[in-house]
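Me: Could you walk me through this one before I set anything up? I'd like to start with how you decide that two residues touch.

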Amino acid sequence: MEHLDVAVIGGGQSGLAAAYALRKQGLKPVMLEASGRTAGSWPHYYDSLTLFSPARYGSLPGLPFGGDPERYPHRDEVIAYLLRYANQLDADIRTGRRVSEVRADGEGFALALEDGSRLTARAMVAATGGFGQPNRPALSGLDSFNGTVLHVADYRAPDPFAGQRIVVVGGGDSAVQVATELATHARVSLASRAPIKWFTQRPLGGTDLHFWLKATGLDIAPLGRLQRAPATMAVIDDGRHKAALAAGAPDRRPMFTGIDGSKMTWGDGTVEDIDAIVPATGYWPDLGYLAPLDAFGGQGRRLHRDGTSLTQTGLAYVGLEWQRSLSSASLRGVGRDAERIARRPAAHLARR
């Protein structure tokens, strides 16, 4: 059985940032990535997705994104950047190695991999981030719906939905963007429990919102300590999506009250045929492999402070939403959190 100093589980932006920070502490992390490449969740997002922040704010430590710093990089640019980052990272990266279970093992951890192999590690970073598991809420009557149900995690482009009647469920960035895109090909309603809240992408004379978040310190403020549950974020918009909703393409409605076959009933009693429902209801962290460690509190809440586990010595997290701050789950913020948590494994291993 192979014995490691530090295992980093996950090879996307969180794992890459963690490996970089651990190397700076003089450690030799081994990164275990389930897929065949080090791009995290990015290859699974819809085709038109771009970063919400300009390239100047979208870099991991040690490698600038490059190109026009004011542009909003496309999904495929982000994938290429992450692969480039992994290539220049001096770390042991092992792709196609899915960790199925982690158990306490003396003063460290025993890792069981899906291929049947086993490893031990004296310290561990759970860096599978906050977007590995689609959130599929129990919507009223959805089990009886005989049309297409496609979570936004599986949505790619609007063309297959041309001419259909579509309902997108959700009130966040992905819901609004996908609903607006679909509305160029189909008749679309955006169903949400509350009206959409907006952040202007370039307020106060055209400077990007992220400049102001950085300048005011809000981007790095430790507000995650105050969150009992992830805060509901407003939609970041350059004006196009808000205008589309105002024009009714898509239209925004309160949540439907029931589904029967292809029939959807709205709160005002209206009943209509629906072809497809697209839940854009977010994601949960994919941390099932930690279940044997009893590392969670009520409702699956991770028990940590700023990413350091409160239940398991030697365990840390990187990439959770609101792990420490507003930017914890983003390219611009994950490096700061990784640097902070990397000091703990270094100190932990030094003591031993």
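Reply: Contact here means that heavy atoms lie within 4.5 Å. Please keep in mind that this is a predicted model.

Me: OK, so which residues of α1 meet which residues of α2?

Reply: On the α1 side they are Q13, L16 and Y20, and they meet L82, Y85 and A86 of α2. Sorted by class, this contact has five nonpolar residues and one polar residue, with no charged ones.

Me: And how do the axes of those two helices cross?

Reply: The axes of α1 (residues 13-24) and α2 (residues 75-88) come within 11 Å and cross at roughly 25°. Angles under 35 degrees count as roughly parallel, and the two helices are therefore described as roughly parallel to each other.

Me: Left-handed or right-handed crossing?

Reply: The crossing of α1 and α2 is left-handed.

Me: Switching topic: what does the confidence look like, and where is it lowest?

Reply: The protein chain has an average pLDDT of 92, and 96% of the residues score at least 70. Confidence is lowest in helix α4 (residues 203-206), where the mean is 80, whereas strand β9 (residues 165-169) has the highest value, at 98.

Me: Which sheet is β9 in, and is the pairing there parallel or antiparallel?

Reply: β9 belongs to an open sheet of five strands, ordered β8-β17-β9-β10-β13, and the pairing in that sheet is parallel. At its edges are β8 (148-149) and β13 (251-254), each of which pairs on one side only.

Me: How many bridges does β13 make with β10?

Reply: There are four bridges between β13 and strand β10 (residues 187-192), and the two pair in the parallel sense. As one example of a bridge into β13, A191 has R253 as its partner.

Me: What about the sheet with β14 in it?

Reply: That is an open sheet of three strands in the order β14-β15-β16, with antiparallel pairing. β14 (258-260) and β16 (271-273) are the edge strands with a single partner each, so one side of each has no neighbour in the sheet. On average, and with direction ignored, neighbouring strands of this sheet are turned by 25° against each other.

Me: How is β14 joined to β15, and which residue stands opposite D260?

Reply: Three bridges join β14 to strand β15 (residues 263-265), and the two run antiparallel. The residue opposite D260 is K263 in β15.

Me: Last thing, what backbone geometry should I look at before I trust my preparation script?

Reply: Most residues other than glycine have a negative phi, and most peptide bonds are trans. Here, a cis peptide bond joins A249 and P250, with omega at about 10°, and P250 is placed in the loop between α6 (240-246) and β13. Separately, D306 has a positive phi, near 55°, and is found in the loop between β19 (304-305) and β20 (308-309).

How values were computed. Residues numbered from 1 in each chain as written. Predicted model: local features only at pLDDT ≥ 70, side-chain atom pairs only at ≥ 80, totals over all residues. Heavy atoms only, no water. Axes fitted to C-alpha atoms, helices over the stretch in contact; angles between N-to-C directions. Parallel < 35°, antiparallel > 145°, perpendicular 65-115°, else oblique. Left-handed = near helix turned anticlockwise from the far one by under 90°. Nonpolar A, V, L, I, M, F, W, Y, C, P; charged D, E, K, R; others polar. pLDDT = per-residue confidence, 0-100. Pairing = 2+ DSSP bridges.
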